[in-house]
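Here's a walk through one protein model, written for someone who'd rather be at the bench. Have a look at the structure first, then read on.

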Amino acid sequence: MTIPDKKEQRNIIRKLEQEPLTPGETACAIAQTWFTCWQKYVGYPKGSEPIDTDEMSLPPIDNKSIAENGRLKTDLLERVNYQIINRKTYEQLLDWFGGGPQINIKVVEDDNGRMSAITRIIPIELYYQGRKKKTETYSLMKVGELHQIARKLFEVPESQETKLIEYFNKRISSDMEDEKYIRDFHIIARNCILLDSKGENGVWDSDHLKFATSTSTSAPENVIAKSPTRTKNQTSPSRDGESQRGIVGFSNLGNTCFFNSGTQCLMNTRPLIKYMLNDDWEADLNEKNPIGMKGNLAKAFASLAKEVWSGESSVIAPRQLKSVVGKYAPQFSGWGQQDSQELILFTLDGVHEDLNRCKKKAQIEPVEGDGTDDESTAIEAWKRHKMRNDSIVVDLIHGQLRSRLICPECHKKTVVFDPFMSIQMPINRPHTVKLTFTFIPFEYTAERQVMKCSVPCSASGINNDDLAVEISKRINRDVKVITGARHYASASLSWGIREEPSSTATYYAFEVPDPVNGQYMVCSIKMEKKKKANSFSYYNSTVEIGTPFLLDVKSLPDNFDTDTEELTKQVEERLSVLWNPPKDLVMSESMESLKQKLSQTKDSEIKDDEKIAVSVSKSYYSDTKSLAKNCKLVITSTATILVNTEYQGLSYESLLMHSVDENDSENSMKGNKDLITLKSCFEYFSTPEVLDEDNKWFCPKCRQFVCAEKKLDVWSVPEILIIQLKRFIAGRWMTRKLDQYVDFPEELDMKKFVIGPQKNDESLKYCLYAVSNHMGGLGGGHYTAYAKVQDPNGPPNKNAPWYSFNDSHASPCSESTVHTSSAYVLFYERIKQ
């Protein structure tokens, strides 16, 4: 069928996506990687810039990576691995692009009337009077529906009265009321559920089981209070017999992984939790604070802390705290994904105001200095801060930053000291972007080089001249370059790199001999490559050999796309090395491996006496030499070159000298991450910057707004130091996420970074105790946490064990697993001497 143009595709899909899901129908899962490619390809949502490519380069839908036995694989993340779309949208994309397999997802209505797609199926075992049956459930299934399934499986007579009971570890837990949902109970994969029946004497079968287990010396007490928020005495085999205090998972209440991650870190902030557990907070409760939460947030926080550290629960549904937070902060009230850092700061600020010892806040004037006596200015600023803010949160978590501004007109220096609860730490030098480029010299035989470059980035993107300077330094010769990006394997190049570069694109820097009047076309060599379909068969796929390169077409006639004689001569001249290889060129193992998989394209029309065949692709609506939208040196037409592998004298060494096999390419990138240290982040944080036109500062001396020089420094640090790694960077058109790995230490010496009097302390070392992680992309992703679990009432323990907290799952982990590129918020506690 004919595929509509990009604008029409956008309009059709947008209209289809507006159709609401309805209970009982099926939605479809689609691989996130393919769906993202399509969105970039057509410029969706509206306002995005479509990639300059033709329709045929977008591959078919490929759901193989997310499908298993016709279903969605387990342990995948929505908006990271897959996207849920309505059935009509999927079927339309399928009509256009083909592919598959189709993965149907059931749609149900939750207790709030919202439509939800069921992506997580839970296999369970049902028990009834000594018999066992296997079935499946999901979190939004009504218990009553599962109850009826169980009765049908065991063929229970209609007259027999039954109920469902949690039967964790073959021990009686709580009754499961029919009107509730499965999510209200701690039901995980391969859990046991008991179909209980009442005898003629009015006694339930489970009463005999309760008696048997309660008199057993080896079993824990199994008569458990019925509670919708927790499940008691659920001990995993690996921790059987150990204390469960603090090792508690939080149920996901619906896109609340951000809440669970941030709250886990706070629940393991030892000095704060010690204060809450010992009820010291009750004396400070300030229910009349007009900007507080009437004491409700502090009460909910203390209640959850007591439950976490009671040792009675392995999983808790933190509904009370979530409800209170949502009541006073509407952004957290729904079920949409939010930011764990914002949740952490709001919770701490709410607890602070609920426990603020300042019952009546004084009216104070801000304090400013001129840099001549910073210490006195800082003391006065802190004194005035404490006149309005005095709580356990201030005692433990508030520090001071120094901000210095210098007017470019009168050179007046203004210094202010501001309190902080967390330090927002840049992980890149301000106003720069670091990307991996493949540098492609204009001379075809010259070596291609992969290099990481850190270059200035403005709102309009990367300047080619800045990149050329950086590359010239690396290769020891002056070059001029143009930049291009390929957003997925078969896509055409798009020119120029914007402020929001993609973390998945391949970036090229092409050398151009004439950066003023040149006229260049992108050329690619293509052949067929044998690929493995399964253990028994292979298929051929057309692949690009080596990297694309530029050809100067300024001297060619305007009709060179149809009369290709002159074009073919020029290409043969550029590729003469293929038949006249250098003597020192050697076939490497990867080149030899790739050679065995290649064959000449079957549909090619190369004559026996021809070395190559060249075909030109151009847009139907453009001339052959029409210039690219974002680069006036490149034409939109592209050339595909097919090489006659039977022509005498062809050198595979020359043909493959710019190629690597896929496996080698993947291996070469392992361990090739940028090493960004927390030390360098502190340096970026304190790097002076000139404010731009949109953020001018009002100079009190000049009485005008100016682009002042601003410098931030850490003046003083608290007992608990929270550091946010700024992974989300807002640009003019969109926000991007930085996925770089940041090397942060287990023990952090802050004497190197503090400029206030604390730098003279005998020791200013901190120990890492918790990390909030974000994995995946924007608009979703998934949050988890790592934390050291140590007794809040005991002394700090540097060697306390680390645990991983992933929603309801809590499990031991090693210190090394804590250090990942997903680390987002770091928690440190000062080491007391």
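## Helix 13 and what follows

Right after helix 13 comes Asn476, and its phi is positive, near 60 degrees. Helices here are DSSP runs of H or I with at least four residues, strands are runs of E with at least two, and both are numbered from the N terminus. This is a predicted model, so to speak: local features need pLDDT of at least 70, side-chain atom pairs count only at pLDDT 80 or more, and totals for chains, interfaces and linings use all residues. Residues are numbered from 1 along each chain as its sequence is written, and side-chain values use heavy atoms, with hydrogens and water left out.

Does the length of helix 13 add up, or what should it span? With 12 residues (464-475) at 1.5 Å a residue, helix 13 should span 16 Å, and its end C-alpha atoms are indeed 16 Å apart. The expected span is 1.5 Å times one less than the number of residues. The buried residues of this helix are Leu467, Ala468, Glu470, Ile471, Ser472 and Ile475; buried means under 20% relative accessible area, exposed over 50%, and partly exposed in between, with a 1.4 Å probe and protein chains only. An α-helix has 3.6 residues a turn, so residues three or four places apart point the same way.

## The five-stranded sheet

One open sheet has 5 strands in the order 10-9-13-11-12, with mixed pairing. Strand 10 (131-137) and strand 12 stand at its edges with a single partner strand each, so one side of each has no neighbour in the sheet. Two strands count as paired if DSSP finds at least two bridges between them. Strand 9 (residues 122-128) runs antiparallel to strand 10, joined by 7 bridges, and Leu126 has Lys133 in strand 10 as its bridge partner.

Strand 11 (residues 162-166) is mostly covered, with 4 of its 5 residues buried. It's antiparallel to strand 13 (residues 191-197) through 5 bridges, and to strand 12 (residues 175-176) through 2 bridges. Leu164 faces both ways: it stands opposite Leu195 in strand 13, and its bridge partner in strand 12 is Met176.

## The four-stranded sheet

Another open sheet has 4 strands in the order 5-1-7-8, paired antiparallel. Strand 5 (82-86) and strand 8 (115-117) are the edges, each with a single partner strand, so one side of each is left without a neighbour. Inside the sheet, strand 1 (residues 26-31) pairs antiparallel with strand 7 (residues 103-109) over 4 bridges, and Thr26 has Lys106 as its bridge partner in strand 7.

## Cores

The largest nonpolar core has 56 residues, and Phe301, Leu348 and Phe827 have the most contacts inside it. Helix 8 (residues 296-308) gives the largest share of this core, 8 residues. A nonpolar core is a set of buried Ala, Val, Leu, Ile, Met, Phe, Trp, Tyr and Cys residues joined through side-chain atoms within 4.5 Å. A second, separate core of 32 residues includes Ile676, Cys681, Leu826 and Tyr828.
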